[in-house]
Amino acid sequence: MKRKRDMEKKSSEISSAIEELSMMVVVKPSAVGGNHEHHEDGASAIEQIPTKPFLSICHLVLQVLDKIGPTMAVLRQDIHQNIKRLELMYESNPSLNSNLVEMLKLEASKGTARKRCSCSKALVWLTRSLDFAMALLQSLAKDPNKSMEQVVEESYAATLTPWHGWISSAAFRVAIKLVPDRKTFMNLLREKDETCEALKEKMQMLVSLLVPFLEDVHCILKVYNLDRLKST
């Protein structure tokens with residue numbers, strides 16, 4: 001009964017993420033003036049990752065992962081810690097830290113980007129968590145015959161396994177058996193009176209927005225030599 005009441009009063013994380021991400025696309029330099037920064041390797045990357053909207057999307061992803069249950073406990077904790085790290089950085093000087101790319105430049109100039117508790121590393125892992133969420137939603141929307149366990153396992157293998165150490169990977173393999181069934185998870189994502197087909201369409205819309213955005217973010221991480229970082 002409590003779950004039903006929660007579902008009725010909550011707004012959809014999927015809808016909120018679509019709205020946030022749509023606004024982020026609008027404010028990208030590439031969308032308003034084509035002002036890209038070119039680098040030695042030929043990469044052309046967006047010059048701005050707005051801090052607050054990016055963190056809002058990460059918070060929404062955290063809420064989605066909560067619905068998967070204990071399987072995502074380790075990943076959820078990592079996401080929460082990395083969000084807090086970037087929030088503290090932002091709050092220390094909102095005007096200076098409104099753009100995450102400027103933070104990358106600052107830590108790169110100081111030689112601290114690869115330090116254990118750097119904001120640069122927090123951005124790397126939050127981006128990879130968004131990769132995981134995108135793969136998860138894409139698979140759920142496109143492959144109705146796959147079990148929830150299979151969807152989670154394949155999404156994890158494609159996005160996070162290459163970067164996780166053996167401890168995180170081992171913990172995930174144990175917890176994968178605790179995922180809810182597919183129908184239960186989809187019901188938790190739906191808005192009140194929303195059909196499964198409508199939910200799938202929204203999931204595909206969110207994925208279509210995430211793909212180009214994450215490609216741009218990964219391009220920036222590569223420019224700052226952060227794209228191959230592994231957990232220690």
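**Exercise 1. Find the contacts of tyrosine 224 in this predicted model, leaving out residues up to four places away in sequence.**

Step 1. Locate the residue: tyrosine 224 sits in the segment after H11.

Step 2. List what tyrosine 224 touches beyond those sequence neighbours: Val101, Leu104, Lys105 and Ala108.

Step 3. Now try a C-alpha distance. Tyrosine 224 and serine 120 are 104 residues apart in sequence, yet their C-alpha atoms are 9.3 Å apart in space.

**Exercise 2. Look at phi for asparagine 225 and aspartate 193: what sign does each have?**

Step 1. Start with the background: most residues other than glycine have a negative phi.

Step 2. Check asparagine 225, in the segment after H11. Its phi is positive, about 55°, although the residue is not a glycine.

Step 3. Move on to aspartate 193, in the loop between helix H10 (182-189) and helix H11 (196-223). Phi of aspartate 193 is near 70°, again a positive value in a residue other than glycine.

Step 4. Is aspartate 193 buried or exposed? Its relative accessible area is 71%, and the cut-off for exposed is over 50%, so aspartate 193 counts as exposed.

**Exercise 3. Work out how glutamate 13 is placed: is it buried or exposed, and what does it touch?**

Step 1. Glutamate 13 belongs to helix H2.

Step 2. Compare its area with the cut-off. Buried means under 20%, and glutamate 13 has a relative accessible area of 5%, so it is buried.

Step 3. Collect its contacts, skipping residues up to four places away in sequence: Leu60, Gln63, Val64 and Lys67.

Step 4. Pick out the polar one. The side chains of glutamate 13 and lysine 67 are joined by a polar contact of 3.3 Å.

**Exercise 4. Take apart the largest nonpolar core: how many residues does it have, and which elements supply them?**

Step 1. Count first: the core has 66 residues, and Ile49, Phe54, Leu86 and Val152 have the most contacts inside it.

Step 2. Go through the elements that give two or more residues to this core: helix H2 (13-27), helix H4 (51-68), helix H5 (73-92), helix H6 (100-110), helix H7 (119-142), helix H8 (148-159), H10 and H11. H7 provides the largest share, 13 residues.

Step 3. Zoom in on leucine 86. Setting aside residues up to four places away in sequence, it touches Leu55, Leu100, Met103, Cys119, Ala122, Leu123 and Leu126.

**Exercise 5. Check helices H7 and H11 against their expected spans.**

Step 1. H7 has 24 residues and runs 34 Å from its first C-alpha to its last, close to the expected 34 Å at 1.5 Å a residue.

Step 2. Do it again for H11: with 28 residues, this helix reaches 40 Å between its end C-alphas, close to the 40 Å expected.

Step 3. Add burial for H7: 22 of its 24 residues are buried, and the helix is mostly covered.

**Exercise 6. Step back and describe the whole protein: how many helices and strands are there, and in what order?**

Step 1. The tally is 11 helices and 2 strands. From the N terminus on, the order is α-α-α-β-β-α-α-α-α-α-α-α-α.

Step 2. For burial, 47% of the 232 residues are buried.

Step 3. For the surface, the protein exposes about 11,900 Å², with 54% of that supplied by carbon and sulfur atoms.

Step 4. Finish with contact range. Among contacts with a separation of 6 or more, 74% come from residues 24 or more positions apart.

How values were computed. Residues are numbered from 1 along each chain as its sequence is written. This is a predicted model: local features need pLDDT of at least 70, side-chain atom pairs count only at pLDDT 80 or more; totals for chains, interfaces and linings use all residues. Side-chain values use heavy atoms; hydrogens and water are left out. Helices (H or I, at least four residues) and strands (E, at least two) are DSSP runs, numbered from the N terminus. Buried means under 20% relative accessible area, exposed over 50%, partly exposed in between (1.4 Å probe, protein chains only). A nonpolar core is a set of buried Ala, Val, Leu, Ile, Met, Phe, Trp, Tyr and Cys residues joined through side-chain atoms within 4.5 Å. Contact means heavy atoms within 4.5 Å. The expected span of a helix is 1.5 Å times one less than its number of residues. A polar contact is a pair of N or O atoms within 3.5 Å; within protein, one must be able to donate a hydrogen and the other to accept it, and residues adjacent in sequence count only if both atoms are side-chain atoms. Accessible areas come from the Shrake-Rupley method with a 1.4 Å probe; for residues, only the protein chains shown count as cover.
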